[in-house]
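Trainee: I would like a close look at a single part of this model, the surroundings of its ligand. Please take me through them slowly.

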Amino acid sequence: MDKALVIIPTYNEKENIEKMIIAIFSLPALYDILIVDDGSPDGTATIVKRLKTSWPQRLFILEREGKQGLGTAYILGFRWALANNYEYAFEMDADFSHNPADLIKLYNACRNGADLAIGSRYKSGVNVVNWPMGRVLMSYFASVYVRIITGMKIYDTTSGFKCYRRIVLETIEFDKIKFKGYAFQIEMKFTAWKHGFRIAEVPIIFTDRSEGTSKMSGGIFNEALWGVLRIKLRSFFRSYKKTSR
Ligand SMILES: Nc1nc2c(ncn2[C@@H]2O[C@H](COP(=O)(O)OP(=O)(O)OP(=O)(O)O)[C@@H](O)[C@H]2O)c(=O)[nH]1
Ligand SMILES: [Mg+2]
């Protein structure tokens with residue numbers, strides 16, 4: 001049986017993390033969990049380490065000092081997944097915006113031929129619950145904007161709920177991934193797409209967090225707005241250099 005790992009970056013998720021770990025371990029499929037905690041002042045890591053005594057072979061934690069952003073937390077997790085022989089690695093939030101039951105849909109999409117499966121809010125209409133209308137519109141049009149600029153045929157370009165096959169993570173050069181917030185999610189999809197990997201979008205329902213506090217900031221949003229132009233230009237110049245050699 002191929003091993004699968006759910007990677008969850010956390011920063012101050014004490015209200016959610018225990019429930020989330022138990023929900024994933026209650027699924028009728030065997031997924032291991034790796035938490036990447038950035039020294040959460042609320043003690044999230046202590047909760048994880050206590051739970052680890054119940055699942056010593058299936059629950060893992062990497063701790064960093066101070067909040068260093070989602071992108072680098074995931075890259076650390078991806079490297080760990082590769083070093084520990086996982087065939088599948090998921091990205092998932094701790095705050096129940098992503099329904100743990102949907103992990104199975106993403107997993108099946110990868111087992112049925114996709115190299116990267118994306119949990120998509122916008123594949124069939126707009127499936128977002130409890131977000132204020134302004135945020136829904138911003139996120140939806142951000143996705144349209146990214147689709148137009150990059151040319152990727154993906155509806156939910158900023159989604160952070162995904163399943164990667166190992167080959168995708170082995171191929172992407174992590175040192176070249178520059179962004180940390182929403183733009184990190186776009187950059188990872190864009191890089192996988194440029195390499196010609198098969199991408200499947202699986203419709204999911206996204207629910208706003210009901211516990212804990214948001215880490216979304218204007219800075220992260222601006223990074224995505226300008227970052228996507230930089231991602232596209234960089235890729236353009238890289239292929240230009242190749243063809244003019
Ligand atoms: N390790 C680590 N995790 C982070 C960091 N920033 C956010 N996270 C985690 O990444 C996931 C997504 O962050 P959220 O705060 O839910 O961001 P969001 O979904 O854009 O915004 P809200 O749902 O409104 O809070 C959550 O599990 C966070 O705890 C960080 O700097 N380091
Ligand atoms: Mg969230």
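Which backbone atom lies 3.0 Å from a nitrogen atom of ligand 1?

Mentor: Bearing in mind that this is a predicted model, the atom you ask about is a backbone N or O atom of Val36, which lies 3.0 Å from a nitrogen atom of ligand 1. Oxygen atoms of ligand 1 have partners as well: a backbone N or O atom of Tyr11 is placed 3.0 Å from an oxygen atom of the ligand, while an N or O atom in the side chain of Glu13 is 2.6 Å from an oxygen atom of ligand 1. On its own, ligand 1 has 620 Å² of accessible area, and the protein covers 94% of this.

Around ligand 1 there are 20 residues, of which Glu13, Asp38, Asp95, Tyr182 and Arg209 come nearest. Sorted by class, this shell holds eight nonpolar, four polar and eight charged residues, and both β1 (4-10) and α3 supply at least two residues each to it.

Helix α3, residues 70-83, also packs with helix α7, residues 182-194, at an angle of about 45 degrees and with the two axes 8 Å apart. Because of that angle, α3 counts as oblique to α7. On the α3 side the contact is made by Leu70, Gly71, Tyr74, Ile75 and Phe78, and on the α7 side by Phe184, Gln185 and Met188. Whereas the ligand shell includes eight charged residues, the contact of α3 with α7 has no charged residues, being made up of six nonpolar and two polar ones.

Technical notes:
Residues numbered from 1 in each chain as written. Chains lettered and ligands numbered in written order. Predicted model: local features only at pLDDT ≥ 70, side-chain atom pairs only at ≥ 80, totals over all residues. Heavy atoms only, no water. Axes fitted to C-alpha atoms, helices over the stretch in contact; angles between N-to-C directions. Helix = DSSP H or I, 4+ residues; strand = E, 2+ residues; numbered from the N terminus. Parallel < 35°, antiparallel > 145°, perpendicular 65-115°, else oblique. Contact = heavy atoms within 4.5 Å. Nonpolar A, V, L, I, M, F, W, Y, C, P; charged D, E, K, R; others polar. Near = heavy atom within 4 Å. Polar contact = N/O pair within 3.5 Å; in protein donor to acceptor, adjacent residues only side chain to side chain. Areas by Shrake-Rupley, 256 points an atom, 1.4 Å probe, with all protein chains shown as cover.
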